[in-house]
Amino acid sequence: MRHVKNPDFNSLAKRTVSGAVVAAVVVGSLFWSRYSFSALLAVIAGGALWEFYSIGERAGTKPQKYPGIIIGVLAVLSYGLIQPFSTQYGYYWKIAVLILAFVVFIIELYRNKENPLLNIAVTLMGLVYIAVPLGLFNYINFLTWGPYSRFYLLGFIVLIWANDVGAYLVGVAFGRRKLFERISPKKSWEGFFGGLLIACGTGVLIQWAMGKYFFNDISFSLYWVGLAIVVVISGVFGDLVESMLKRSVLLKDSGDVISGHGGFLDRFDALIFSVPFVYLYFLIFGFYN
């Protein structure tokens, strides 16, 4: 989520087209099946972990790139291919993935690299920062209406995109006051409140649509507006955290996989960071029904 002042038309067009393609792939995989969506999240996890560990390497550490990526991908898949904690088999699978994280310590014994403490820390940090949230993101499907439900997750994704688009457009048009200049000089308070307003408005529309078409209840509620506020605030912090990591090693983008958006972390930083807060919101307030 990057706010660019006075972008040229070609840059904006490239960003729009690539963003539309990403949106189509995400929504298409979500509605195709739990297997396609889990596979997509595994790809995102693998790509984001690769970029994160590359940032760690630029910072002078030697994270365990391939073991970290393998463990992270398995962790994400474990939440989508096996309905979490519903069967004894699913429970044992998650314990096995957890044990794999401790294998990182054993591997470091045989690597003979400098600063083993930092190497282990960065490897595990990538799993906590990326794999755990994406696993929880997958798990939200199984907290709602049945074995595989898509609509709460789709609403969450739409709120992320609404905030991103609103913050970008308002920030470009009216951005004056810096939000966090030391970390991200191009972000503005105007962009933040623009994204918040658009996301809350989108939350009202989601509330109405779900009430009308799924629950036969269109009574007024602030449930999705509250979720939008959680998404926006946590998403902005996620964006700033990723900017801080890149800035610490003099990187503009985490990668160049997505034209106009940068890498996996650049595109999904807000979503990844907001997942634990959204998950907690669902656990505390339940599901609107």
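In this predicted model, F180 makes contact with P185 and L240 once neighbours within four places in sequence are set aside. F180 belongs to strand β1, which covers residues 178–180. The pairing with L240 bridges 60 residues of sequence, and the two C-alpha atoms lie 8.1 Å apart in space. F180 has a relative accessibility of 32% and therefore counts as partly exposed, since that class lies between the 20% limit for buried and the 50% limit for exposed residues.

Attention turns next to the interior. The largest nonpolar core contains 66 residues, and the members touching the most others are I130, L134, F137 and F156. At least two residues of this core come from each of α1 (9–32), α2 (34–58), α3 (65–81), α5 (116–139), α6 (151–174), α7 (189–215), α8 (223–248) and α9 (264–285). The greatest contribution is that of α2, with 11 residues. For F137, residues up to four places away in sequence again being left out, the partners are F37, L41, L153, F156, I157, L271 and V275; F156 is thus a partner of F137 as well as one of the core members with the most contacts to other members.

The packing of α2 can be followed further in its pairing with α3. The axes of α2 and α3 are 9 Å apart and meet at an angle of about 155°, so α2 runs roughly antiparallel to α3, the cut-off for that description being over 145 degrees. The crossing of these two helices, α2 and α3, is right-handed. Where α2 meets α3, the contact is made up of 14 nonpolar, six polar and three charged residues.

Conventions
Residues numbered from 1 in each chain as written. Predicted model: local features only at pLDDT ≥ 70, side-chain atom pairs only at ≥ 80, totals over all residues. Heavy atoms only, no water. Core = buried A, V, L, I, M, F, W, Y, C linked by side-chain atoms within 4.5 Å. Buried < 20%, exposed > 50% of the residue type's maximum accessible area, 1.4 Å probe, protein only. Helix = DSSP H or I, 4+ residues; strand = E, 2+ residues; numbered from the N terminus. Contact = heavy atoms within 4.5 Å. Axes fitted to C-alpha atoms, helices over the stretch in contact; angles between N-to-C directions. Parallel < 35°, antiparallel > 145°, perpendicular 65-115°, else oblique. Left-handed = near helix turned anticlockwise from the far one by under 90°. Nonpolar A, V, L, I, M, F, W, Y, C, P; charged D, E, K, R; others polar.
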